[in-house]
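Me: Could you walk me through some local details of this model, one question at a time? I would like the cut-offs along the way.

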Amino acid sequence: MRDRSLAILCGLMALGFTALAGAAEPEGVSFADDLQPMLNSQCVYCHVTGAENGGLNLGRRHSHADLLSPSEGAPLPRVAPGDVEGSYLVHKLRGTHLEVGGSGSAMPVYDPPKPFPAKYLEAVERWIEAGAPDN
């Protein structure tokens, strides 16, 4: 009886540790698989070779490097790896860009204006928190 109780207890503890380990592991964001498709659907129309508004080309071949380059007309870098609040991109997507010394409109530009989808913004923020890897 004691051996069976000990086995059950050990099994429950193992399940608990497995659940805790899974909960502590943040879901990663892949630039190529998660962010680039979002950029393609939301941003590339205005930010691609020949139409690089703000000097930002978000086409597949240039997007990562251009996001990590200095921003034009803003005191913050476009993306500051590991620093969500220090990344101008996040402020442009939130519509708080004027509060940090930026200019122009919130992104993406819609007529009539509408907020950037929260699921995309969360993915951008997680990617920046992870160091903005080119993965």
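Me: Where is the place of Pro 108?
Reply: Happy to help! This is a predicted model, in which local features need pLDDT of at least 70 and side-chain atom pairs count only at pLDDT 80 or more, while totals for chains, interfaces and linings use all residues. Residues are numbered from 1 along each chain as its sequence is written, and side-chain values use heavy atoms, with hydrogens and water left out. Helices here are DSSP runs (H or I, at least four residues), numbered from the N terminus, and Pro 108 sits in the loop between helix 4 and helix 5.

Me: What is omega for the peptide bond from Met 107 to Pro 108?
Reply: Good one to check. The bond from Met 107 to Pro 108 is cis. Its omega is near -15°.

Me: Which residue does a cis peptide bond join to Asp 111?
Reply: For this bond, omega is about 5°. The partner lies in the loop between helix 4 and helix 5, and the residue joined to Asp 111 is Pro 112.

Me: Why is Thr 96 classed as buried or exposed?
Reply: Buried means under 20% relative accessible area, exposed over 50%, and partly exposed in between (1.4 Å probe, protein chains only). Thr 96, in the loop between helix 4 (88–94) and helix 5 (118–129), is buried because its relative accessible area is 19%.

Me: Which side chain makes a polar contact with the side chain of Thr 96?
Reply: A polar contact is a pair of N or O atoms within 3.5 Å; within protein, one must be able to donate a hydrogen and the other to accept it, and residues adjacent in sequence count only if both atoms are side-chain atoms. For Thr 96 the distance is 2.7 Å, and the partner is His 91.

Me: What is the angle between the planes of Phe 31 and Trp 127?
Reply: Rings of Phe, Tyr and Trp (its six-membered ring) pair if their centres lie within 6.5 Å; planes under 30 degrees apart count as stacked, over 60 as edge-to-face and the rest as tilted. By this rule there are 2 aromatic pairs. Phe 31 and Trp 127 form a tilted one, 5.2 Å centre to centre, with 40° between the planes.

Me: How many residues apart are Phe 31 and Trp 127?
Reply: Both Phe 31 and Trp 127 are buried. Their pair links distant parts of the chain, with Phe 31 in helix 2 (residues 31–42) and Trp 127 in helix 5, and the separation is 96 residues.

Definitions and conventions:
Helices (H or I, at least four residues) and strands (E, at least two) are DSSP runs, numbered from the N terminus.
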